[in-house]
Amino acid sequence: MKKLFILLLVFYTIACNSSFAKVISNEKIDSKKVDVAEKIILELQKEMSIYTQQGSGPFVAAIYDNNGNLIAKTSNSVVNDNCSNNHAEMNVIKEAEKKLGTYDLSKYNLSLYVTAEPCMMCLGGIMWSGIKNVYYGVPSKTVEKITGFDEGFKPNWFKEFKKRGIIVYGNIKPSIGEKELYNYVNNGEKLYKPER
């Protein structure tokens with residue numbers, strides 16, 4: 001009995017420390033989807049500093065098709081373009097629509113990967129674009145804590161996306177993204193937000 005208890009305790013400890021233990025989703029978690037998302041999001045998080053050195057905001061997004069082909073990848077360009085709409089998600093959706101020649105991406109079964117949880121505006125853009133899957137790294141509460149950005153009012157968005165056939169996986173490997181956000185703030189980069 002003691003051996004069984006120890007074995008269960010070891011299994012529980014491994015499960016709690018695995019990357020899957022912290023991932024959240026609006027469907028039963030699929031380990032294959034998490035594996036793919038981890039690789040892509042880690043790559044995007046590592047590229048954040050390259051974009052921020054060019055004056056971009058500290059967020060990067062990419063859209064891939066069902067076969068793993070990159071369709072588009074962009075960063076946040078709010079400050080560079082003087083446009084509050086130019087979040088990474090909105091920019092990458094525009095690029096994918098331009099590349100594919102359509103405003104309705106639904107027939108392509110595309111997945112959006114982004115370094116942080118989409119804000120209120122980007123959730124609308126994702127929903128109306130026809131994106132089928134969303135994977136993100138750093139949760140909004142952490143983004144707000146580190147940067148002071150206002151991520152907006154997003155009640156039950158996981159559930160609302162599920163009703164619309166959009167699958168969401170979140171909190172995927174957020175630690176590198178958090179580090180990059182801290183670097184952005186500590187380097188004195190522009191924290192863009194409207195005065196209240």
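**Figure 1. Close-up of F161 and W157 in helix α7 of the predicted model.** F161 is buried, with a relative accessible area of 4%. W157 is likewise buried, at a relative accessible area of 8%. Both residues belong to helix α7, which spans residues 157-163, and they are four residues apart, about one turn of the helix. Their rings form an edge-to-face aromatic pair, with 5.3 Å centre to centre and 90° between the planes. F161 is also one of the residues that touch the most other members of the largest nonpolar core.

**Figure 2. Close-up of the open six-stranded sheet.** The strand order is β1-β6-β5-β4-β2-β3, and the pairing is mixed. Strands β1 (24-25) and β3 (70-76) form the edges, each pairing on one side only. Within the sheet, β5 (residues 133-138) and β6 (residues 167-170) pair in the parallel sense over three bridges. In this pairing, Y135 stands opposite Y169 of β6.

**Figure 3. Close-up of helices α2 and α8 against the strands.** Helix α2, formed by residues 31-53, lies across β2 (57-64), β3, β4 (111-116), β5 and β6. Its direction is at about 140° to β2. Helix α8, formed by residues 174-186, lies across β2 and β5 and runs at about 60° to β5.

**Figure 4. Close-up of the stacked pair Y135 and Y169.** A search of the whole structure finds nine aromatic pairs. In the pair formed by Y135 and Y169, the rings are stacked, at 5.4 Å centre to centre and with 25° between the planes. This pair links distant parts of the chain, as Y135 lies in strand β5 and Y169 in strand β6, 34 residues apart. Y135 and Y169 are both buried. Together with Y64 and Y113, these two tyrosines form one aromatic cluster.

**Figure 5. Close-up of the largest nonpolar core and the surroundings of I63.** This core has 32 residues, of which F59, I63, L112, I131, V134 and F161 touch the most other members. Helix α4 (residues 88-100) contributes the largest share of the core, four residues. Beyond its neighbours within four places in sequence, I63 is in contact with N69, L70, I71, A72, V92, I93, A96, L110, S111, L112 and I131. Two of these contact partners, L112 and I131, are themselves listed with I63 among the core residues that touch the most other members. In soluble globular proteins, nonpolar side chains tend to be buried together.

**Figure 6. Close-up of a separate nonpolar core.** Another core, of 16 residues, lies apart from the largest one. Its members include I41, M48, Y51 and Y169. Y169 thus appears here as well as in the aromatic cluster with Y64, Y113 and Y135.

**Figure 7. Close-up of C119 and C122, which are not joined by a disulfide.** A search of the whole structure finds zero disulfides. The cysteine sulfur closest to that of C119 belongs to C122, at 3.7 Å. A disulfide requires sulfur atoms within 2.5 Å, so this separation is too far for a bond. C122 is correspondingly in no disulfide, and its nearest cysteine sulfur is that of C119. Both cysteines are buried: C119 has a relative accessible area of 9%, and C122 has a relative accessibility of 0%.

Note on methods
Residues are numbered from 1 along each chain as its sequence is written. This is a predicted model: local features need pLDDT of at least 70, side-chain atom pairs count only at pLDDT 80 or more; totals for chains, interfaces and linings use all residues. Side-chain values use heavy atoms; hydrogens and water are left out. Two strands pair if DSSP finds at least two bridges between them. Helices (H or I, at least four residues) and strands (E, at least two) are DSSP runs, numbered from the N terminus. Contact means heavy atoms within 4.5 Å. Axes are lines fitted to C-alpha atoms, for helices over the stretch in contact, and angles run from 0 to 180 degrees between N-to-C directions. Rings of Phe, Tyr and Trp (its six-membered ring) pair if their centres lie within 6.5 Å; planes under 30 degrees apart count as stacked, over 60 as edge-to-face and the rest as tilted. Buried means under 20% relative accessible area, exposed over 50%, partly exposed in between (1.4 Å probe, protein chains only). A nonpolar core is a set of buried Ala, Val, Leu, Ile, Met, Phe, Trp, Tyr and Cys residues joined through side-chain atoms within 4.5 Å.
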